[in-house]
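Welcome! Here is a short briefing to read alongside the structure, arranged by topic so that you can look up each part as you go.

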Amino acid sequence: MPAHRNPPEVDRVAAARAAVAARRARAAVKAQVASGERSALEVARAAWSDDDLPAEKSLRVRDLLTSISGIGPARAEAVMGELRIAPSKRLGGLGTRQRSALADWLAARGRKRGASKLVVLAGPTAVGKGTVSAYIREQYPDVNLSVSATTRKPRPGEVDGVHYYFVDDDEFDRMIRDRELLEWAVVHNSYRYGTPRPPIDRALDAGDKVMLEIDLQGARQVRDAMPEAVLVFLLPPTWEELVRRLIGRGTESAEEQARRLETAKVELAAQDEFDVRIVNSHVGTAAREVVDLFTAP
Ligand SMILES: Nc1ncnc2c1ncn2[C@@H]1O[C@H](COP(=O)(O)OP(=O)(O)OP(=O)(O)O)[C@@H](O)[C@H]1O
Ligand SMILES: Nc1nc2c(ncn2[C@@H]2O[C@H](COP(=O)(O)O)[C@@H](O)[C@H]2O)c(=O)[nH]1
């Protein structure tokens, strides 16, 4: 008997141990998806990143799909056929087209089910977006509200870095040039507003919930840039109530109110572009309905 194992046997044992460890790591990733701790899209994106994530990269697409609640082996097979992905493929082995087809499919499924870590709240002027957002800021501190940059001046009581980052035109130009904004738009034909991207990426990477309260033009840009976002359109109970809220707020001149109401008609006509519609009859109820989207099944 040799005093030590011969090298091939040592290799075999080490390889077997490594294979068991890898299987366990993949099972842990599948369990995270099954429990909703991570979305399948997050796992796929991680697998396609440059990071050293062997479990995600070696996870079979079929196993990722069947970890999603409601998808069994037959459905997974059908989806892979639809996306032209071979049954044995692992996430890390997908080509560019297959990656984008799978990402689009996962994002569309998440949107349809109204579940995402990124929720965009939009709607016509004076419907109550700011009021509902403020309520969420107070009552649901685990939701990260994005702080936009704007070229408009602060109103009384507004705090720089809390309500907005109040910047001048040169700084806004720089942010656009340096690609720091996820989206931006000129709102109500007056000032520019934009969503700084780095804090959103950081929060989403940490698995946190993020909400943007932005106008319709911005919501469309976010949908294109981040298809996993759930887009919510906040509606007034009636047109008359919207007018009442705008006039009652008393922050715009009669001329500005008329201009905003014209824009509101166009915006209301676009509500079908959104994933979810919520009527803001009662602030607390509307806020709850928005926050529930982060945990929708
Ligand atoms: N559910 C509600 N019931 C009654 N009044 C409401 C409700 N929600 C908001 N309001 C009131 O409607 C007015 C407009 O609300 P808010 O300023 O939040 O609208 P907004 O959508 O953010 O407007 P804008 O896009 O013009 O900034 C405010 O006076 C607010 O107090
Ligand atoms: N496209 C974006 N729109 C934004 C952003 N932040 C706010 N807004 C929208 O602007 C109007 C006016 O806001 P106000 O505070 O001046 O009354 C409102 O409809 C917001 O939804 C943004 O980053 N991008």
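What percentage of the 297 residues in the protein chain is buried? Buried residues make up 43% of them, where buried means under 20% relative accessible area, exposed means over 50%, and partly exposed is in between (1.4 Å probe, protein chains only). Please keep in mind that this is a predicted model, in which local features need pLDDT of at least 70, side-chain atom pairs count only at pLDDT 80 or more, and totals for chains, interfaces and linings use all residues. Residues are numbered from 1 along each chain as its sequence is written, chains are lettered from A and ligands numbered from 1 in the order in which they are written, and side-chain values use heavy atoms, with hydrogens and water left out.

**The chain as a whole**

- The protein chain holds 13 helices and 9 strands; these are DSSP runs, numbered from the N terminus, with helices being H or I of at least four residues and strands E of at least two.
- Measuring along the principal axes, the C-alpha trace spans about 95 × 40 × 35 Å.
- Of the contacts in the protein chain with a separation of 6 or more, 66% are accounted for by residues 24 or more positions apart, a contact being heavy atoms within 4.5 Å.
- About 16100 Å² of the protein chain is exposed, and carbon and sulfur atoms supply 52% of that area; accessible areas come from the Shrake-Rupley method with a 1.4 Å probe, and for residues only the protein chains shown count as cover.

**Charges and a surface patch**

- There are 45 positive and 43 negative side chains in the protein chain, and the centres of the two sets lie 8 Å apart.
- For this count, Lys and Arg are positive and Asp and Glu negative, while His and the chain ends are not counted; the place of a charge is NZ of Lys, CZ of Arg, CG of Asp or CD of Glu.
- Asp50, Asp51, Asp52 and Asp205 form a negative surface patch; patches are made of residues with over 30% relative accessible area and no salt bridge, with like charges joined within 9 Å and nonpolar side chains (Val, Leu, Ile, Met, Phe, Trp, Tyr) within 5 Å.
- One member of the patch, aspartate 205, is found in helix α9 (residues 197-205), and this residue counts as exposed because its relative accessibility is 69%.

**Salt bridges**

- Side chains of opposite charge can pair when their charged atoms come close.
- The whole structure contains 21 salt bridges, each a side-chain nitrogen of Lys or Arg within 4 Å of a carboxyl oxygen of Asp or Glu.
- Aspartate 142 and lysine 209 form one of these, with their closest N and O atoms 2.7 Å apart.
- Aspartate 142 lies in the loop between α7 (129-139) and β2 (143-145) and lysine 209 in strand β7 (residues 209-213), so this pair ties together parts that are 67 residues apart in sequence.
- Within the pair, aspartate 142 counts as partly exposed at 41% relative accessibility, whereas lysine 209 counts as buried at 18%.
- Arginine 260 and glutamate 252 also meet in a salt bridge, at 3.5 Å from N to O, and both of these residues are buried.
- Arginine 260 and glutamate 252 belong to a network of salt bridges that also links Arg249, Glu256 and Arg259.
- In a further salt bridge, the closest N and O atoms of arginine 277 and aspartate 272 are 3.2 Å apart; arginine 277 is partly exposed at 45% relative accessibility, and aspartate 272 is exposed at 59%.

**Residues in loops**

- Serine 58 sits in the loop between α3 (54-57) and α4 (61-67) and counts as buried, because its relative accessibility is 19%.
- Leaving aside neighbours within four places in sequence, serine 58 is in contact with Arg26 and Arg90.
- Arginine 84 has a phi near 60 degrees, a positive value in a residue other than glycine.
- The loop between α5 (73-82) and α6 (96-112) is the place of arginine 84, which is exposed with a relative accessible area of 71%.
- Alanine 126 has a positive phi too, near 65 degrees; this residue lies in the loop between β1 (118-122) and α7 and is buried, with a relative accessible area of 11%.

**A residue in helix α7**

- Alanine 134 is found in helix α7 and counts as partly exposed at 32% relative accessibility.
- Alanine 134 and alanine 149 are 15 residues apart along the chain, and their C-alpha atoms are separated by 17 Å.
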